[in-house]
Amino acid sequence: MKKLCLLGLFASLAFQPVLAATAPDPLKTKEAFINHLMKQMTLDEKIGQLRLISIGPEMTHEQIRDEIAAGHIGGTFNSVTRAENRPMQDAAMQRSRLKIPMFFAYDVIHGHRTIFPISLALASSWDMSAIALSARTAASEAAADGIDMTYGPMVDIARDPRWGRTSEGFGEDTYLVSRIAKVMVKGYQGDNVAAPDSLMAAVKHFALYGGVEGGRDYNTVDMSPTRMYQDYLPPYRAAIDAGAGGVMVALNSINGVPATSNTWLMQDLLRKDWGFKGVTISDHGAIHELIKHGVARDDRDAARLAIKAGIDMSMNDQVYGKELPGLLKSGEVAQADIDNAVREVLGTKYDLGLFKDPYRRIGKAADDPADTYADNRLHRQAAREVARTSMVLLENRNQTLPLKKQGTIALVGPLADAPIDMMGSWSAAGRPEQSITLLEGLKNAVGDQAKVLYAKGANVTNNKDAIEFLNRIIFDREEVHIDQRPPEQMIAEAVKAAEQADVVIAAVGEARGMSHESASRTTLALPETQKALLKALKATGKPLVLVLMNGRPLSLVQEQQQADAMLETWFAGTEGGNAIADVLFGDYNPSGKLPVSFPRSVGQIPVYYNHLTIGRPFTPGQPGNYTSQYFDEETGPLYSFGYGLSYTDFSLSDVSLSSATLKRGGRVEARVTVTNTGKVAGATVVQLYVHDVVASMARPIKELKNFEKVTLQPGEAKVVTFSLSEDDLKFYNPQLKYAAEPGEFQVQIGLDSQNVKQQSFTLL
Ligand code: BGC
């Protein structure tokens with residue numbers, strides 16, 4: 001009993017680090033502190049730490065507090081205010097026996113209260129400081145609301161745009177996603193994850209979730225080891241190397257073995273090879289789902305498999321609590337299996353600074369914001385700046401853009417005035433009423449200099465199943481407002497507005513729920529309602545600007561023909577409308593580049609740029625006899641990875657290399673001069689690709705290895721230098737040996753992945 005009281009003091013000692021002589025100082029020695037604490041814990045309390053619950057209808061707040069007080073919950077997620085989290089922390093600190101603090105998690109994916117553009121859009125900026133700003137702002141807002149951990153970044157490589165979660169990640173390319181993974185982790189965690197304005201990052205979904213067959217969510221992933229190691233695993237590793245404190249485990253199986261029961265993945269790769277020291281968290285209900293996967297007979301089996309594999313925390317299922325005591329008793333699970341998991345959970349709380357001060361992110365009630373939702377808590381300027389950098393100009397015939405702030409502008413389309421959609425999926429604690437729609441943004445921009453006529457013109461879709469899916473299944477509320485007027489009437493109204501205008505802006509694409517978890521599509525086309533609207537608008541002969549809002553690449557062959565200009569804005573966040581207006585009127589010159597290839601049709605998938613070399617490649621412009629192609633459609637994507645236009649023009653010099661050979665341990669520098677040859681200032685992304693000409697296995701036709709975003713005044717030139725070493729040339733061979741092989745390497749530098757200048761060097 002004496003020991004117990006001591007521990008009570010111990011766990012709350014933050015406020016007064018007075019310790020009995022025997023107790024280690026928790027502020028100094030993590031391991032000793034945790035060992036000491038573990039010794040005081042009963043089995044029940046240990047297992048309680050492994051339980052992570054969602055705040056939802058399943059349990060009342062009172063029940064949750066009682067469970068916390070009983071030591072049966074280690075952490076929660078889905079509560080987003082200090083006032084909600086404080087009573088739960090009070091239950092732990094005042095009523096539980098050992099006073100182990102709770103941690104509070106949330107899906108902070110692209111902003112918290114201020115919603116930044118969706119992750120795929122952030123990746124389109126290729127701007128690491130903009131991405132860092134988004135993560136840092138999100139962390140400080142979420143931490144100020146009492147949140148300790150985010151389930152992010154989501155770094156699943158996505159090469160099949162049918163997958164709705166493409167919107168949540170950073171695209172198809174390993175190098176780009178890995179760079180961003182690091183920036184996101186550093187942005188969330190700051191210099192010190194224990195700081196009151198930092199969040200711990202739990203990178204997800206480990207692993208290979210983006211590789212689900214057919215782009216169908218939760219589907220199986222079957223992948224060769226070389227592809228895994230070379231293309232899909234590095235972003236998770238990058239996040240971990242950057243210090244991510246947590247890992248969320250994927251829902252899918254990998255070559256037949258679910259990630260949640262995958263000992264190779266969780267132990268051999270993650271812990272042993274990569275040296276991960278932190279907490280692993282199952283995805284929602286995933287341990288119980290091992291039964292459906294067909295690898296566990298019942299919950300008991302599932303719990304055994306998961307704890308043995310190394311899943312520390314069980315998210316929203318009761319399986320550990322129910323089954324671990326029996327499994328321990330029968331000897332099927334060892335005490336060490338449970339202890340290892342508990343140690344990681346306590347370690348996480350330690351690293352978050354919660355033993356020192358359990359209220360460091362919750363604060364005192366007296367300091368709570370008077371209005372949690374107050375607009376002045378938002379970071380609108382940051383959101384607008386980041387959103388502008390994330391937009392990609394896909395077409396601009398006859399310099400249709402930028403528009404002038406004069407005359408009459410017709411704004412039409414189902415997404416022109418859609419505040420919920422502007423936020424994109426996983427929009428955390430963002431509020432639609434605080435997001436600026438395109439209609440508002442245009443009006444703000446033109447003031448009384450120009451007239452804006454608005455007509456919806458079409459519903460986002462009239463497909464009953466899709467509407468049912470969006471309004472009942474995905475969100476269980478009326479997300480998509482369906483105008484009951486006949487489609488012809490809506491189109492006629494839009495055409496009338498267009499006829500009175502000098503230019504037509506059509507905001508088309510997807511409702512945000514169409515690019516979401518579980519929202520897989522078999523077509524990437526715009527829904528029929530929107531296609532009909534565009535056809536009618538085109539027939540007016542007025543200049544037509546398409547503003548696209550979508551969370552995945554769409555197939556836009558017809559729209560490319562119809563549009564005079566086309567701007568990809570993704571789902572641009574709280575300040576989306578203002579940011580789009582900035583770009584449309586040239587107050588910001590678009591500088592985004594695609595982080596994913598846009599297929600011409602769904603039949604081309606996958607169409608990522610860095611595919612392996614093959615024996616019968618198709619060569620554009622040459623007869624396609626017995627080469628790799630489709631005979632009924634042009635080969636290659638509509639828009640390639642790395643592509644994006646500007647209001648100015650850039651030219652690129654030839655590549656010069658510092659040496660024709662590279663010695664192991666040495667470096668070769670590749671240099672180009674980029675010049676702004678147009679009339680306005682602008683930014684572009686200089687991209688460096690490498691191709692290994694002859695190797696012991698087929699290698700990608702090119703792979704991104706570096707990039708630099710440069711801003712240039714009209715007429716200004718800049719020399720961009722990239723330094724390459726042996727490390728940049730390494731790859732995993734079929735024996736999974738990671739090495740660079742001697743021989744010729746092509747260095748390709750361009751402003752997109754296709755139009756490149758090239759030089760070669762030899763690795764000795
Ligand atoms: C998703 C995760 C998410 C979790 C908690 C799951 O359904 O797959 O990405 O973090 O829910 O909200």
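This report describes the ligand site and one β-sheet of the structure above, which is a predicted model.

**Ligand site**

The shell around the ligand is made up of Phe77, Asp107, Tyr151, Arg165, Lys204, His205, Met248, Leu251, Asp283, His284, Trp426 and Glu517. By residue class, this shell divides into 5 nonpolar, 2 polar and 5 charged residues. Among the charged side chains, Arg165, Asp283 and Glu517 each place a polar atom at a short listed distance from an oxygen atom of the ligand, as the table sets out.

| Residue | Distance from a polar side-chain atom to a ligand oxygen atom |
|---|---|
| Arg165 | 2.8 Å |
| Asp283 | 2.6 Å |
| Glu517 | 3.0 Å |

When the ligand is taken alone, it exposes 310 Å², and the protein buries 92% of that area.

**The β-sheet**

Elsewhere in the model, an open sheet of 5 strands with mixed pairing follows the order β19-β27-β26-β21-β22. The edges of this sheet are formed by β19 (661–662) and β22 (703–712), and because each of them has a single partner strand, one side of each is left without a neighbour in the sheet. Within the sheet, strand β21 (residues 682–692) and strand β26 (residues 743–750) run antiparallel and are joined by 6 bridges. Asp692 has its bridge partner in β26, namely Phe745.

Conventions. Residues numbered from 1 in each chain as written. Predicted model: local features only at pLDDT ≥ 70, side-chain atom pairs only at ≥ 80, totals over all residues. Heavy atoms only, no water. Pairing = 2+ DSSP bridges. Helix = DSSP H or I, 4+ residues; strand = E, 2+ residues; numbered from the N terminus. Near = heavy atom within 4 Å. Polar contact = N/O pair within 3.5 Å; in protein donor to acceptor, adjacent residues only side chain to side chain. Areas by Shrake-Rupley, 256 points an atom, 1.4 Å probe, with all protein chains shown as cover. Nonpolar A, V, L, I, M, F, W, Y, C, P; charged D, E, K, R; others polar.
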